[in-house]
Amino acid sequence: MAAEPTEMAEVRRLRVWALAQALKSHGYAVEVAESDPLLAVPAAFGSPVLVRCDPRAICGGELWFAFPGGGAIAPADDAHLHDVVVAVKGKLAAQADG
């Protein structure tokens, strides 16, 4: 895989950081990967909920938050951070319900 341009990598890390702050403001513990545009929210039951920030080809390469495996959540911008927080909360609740 080709190396990612430094500017794009930094933008992806900043978007993940912004999402981490939004989740923390809702009382969630969040772990952010240092070398990957990825964050993890530990779950009381089951595996942590993982969220990535990647370019989405069908949206012209626009950055999107997604669950690993291709579950697109929302564009990775400030206007959609709330949508991603709601999606993460929903995934955590679904895991708790079994």
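Among contacts between residues at least 6 apart in sequence, 32% join residues at least 24 apart. The model is predicted, and the values below are computed from it. The chain holds 2 helices and 5 strands, which follow one another from the N terminus in the order α-β-β-β-β-β-α.

**Overall dimensions**

The C-alpha trace spans about 40 × 30 × 25 Å along its principal axes. A compact globule of 98 residues would have a radius of gyration near 13 Å, and the chain agrees with that figure because its own radius is 13 Å. Of the 98 residues, 33% are buried. The chain exposes about 5800 Å² of surface, and carbon and sulfur atoms supply 57% of this area.

**Helix 1**

Helix 1 covers residues 6–25. Its 20 residues should span 28 Å at 1.5 Å a residue, and the end C-alpha atoms lie 29 Å apart, which agrees. Just after the helix, Gly-27 takes a positive phi of about 90°.

The buried residues of helix 1 are Ala-9, Arg-12, Arg-15, Val-16, Ala-18, Leu-19, Ala-20, Ala-22 and Leu-23. The elements against which they pack are strand 1, strand 2, strand 3, strand 4 (62–67) and helix 2.

Two arginines appear in that buried set, Arg-12 and Arg-15. Arg-15 has a relative accessible area of 15% and therefore counts as buried, since the cut-off for buried is under 20%. Leaving out residues up to four places away in sequence, Arg-15 touches Cys-53, Leu-63, Phe-65, Ala-76, Asp-77, Asp-78 and Leu-81. Arg-12 is also buried, with a relative accessible area of 9%. Its side chain reaches the backbone oxygen of Cys-53 at 2.8 Å. Cys-53 is thus a residue named in the contacts of Arg-15 and in the backbone contact of Arg-12.

**Salt bridges**

The count of salt bridges comes to 5. Three of the pairs are described here, including their closest N to O distances.

| Pair | Closest N to O distance | Location |
|---|---|---|
| Arg-13 and Glu-10 | 3.2 Å | both in helix 1 |
| Arg-12 and Asp-54 | 2.2 Å | helix 1 and strand 3 |
| Asp-36 and Arg-52 | 2.9 Å | loop between strand 1 and strand 2, and strand 3 |

The pair Arg-13 and Glu-10 stays within helix 1, where the two residues are 3 apart, about one turn of the helix. Arg-13 counts as partly exposed because its relative accessibility is 34%. Glu-10, at 37%, likewise counts as partly exposed.

The side chains of Arg-12 and Asp-54 meet in a salt bridge with an N to O distance of 2.2 Å. Arg-12 lies in helix 1 and Asp-54 in strand 3 (residues 49–56), so this pair ties together parts that are 42 residues apart in sequence. The two partners fall in separate classes of accessibility: Arg-12 is buried at 9%, while Asp-54 is partly exposed at 22%.

In the third pair, the closest N and O atoms of Asp-36 and Arg-52 are 2.9 Å apart. This bridge links distant parts of the chain, with Asp-36 in the loop between strand 1 (31–32) and strand 2 (38–41), and Arg-52 in strand 3, 16 residues away. Asp-36 has a relative accessibility of 29% and counts as partly exposed. Through shared partners, salt bridges join Arg-12, Asp-36, Arg-52 and Asp-54 into one network.

**His-80**

His-80 sits in the loop between strand 5 (71–75) and helix 2 (81–97). Its relative accessibility of 25% makes it partly exposed. When neighbours within four places in sequence are set aside, His-80 is in contact with Ala-74 and Pro-75. The C-alpha atoms of His-80 and Leu-19 are separated by 9.7 Å, although the two residues are 61 apart along the chain. Leu-19 is one of the buried residues of helix 1.

Methods: Residues numbered from 1 in each chain as written. Predicted model: local features only at pLDDT ≥ 70, side-chain atom pairs only at ≥ 80, totals over all residues. Heavy atoms only, no water. Salt bridge = Lys/Arg side-chain N within 4 Å of Asp/Glu carboxyl O. Helix = DSSP H or I, 4+ residues; strand = E, 2+ residues; numbered from the N terminus. Buried < 20%, exposed > 50% of the residue type's maximum accessible area, 1.4 Å probe, protein only. Polar contact = N/O pair within 3.5 Å; in protein donor to acceptor, adjacent residues only side chain to side chain. Contact = heavy atoms within 4.5 Å. Rg over C-alpha atoms; globule rule 2.2 N^0.38 Å. Areas by Shrake-Rupley, 256 points an atom, 1.4 Å probe, with all protein chains shown as cover. Expected span 1.5 Å × (residues − 1).
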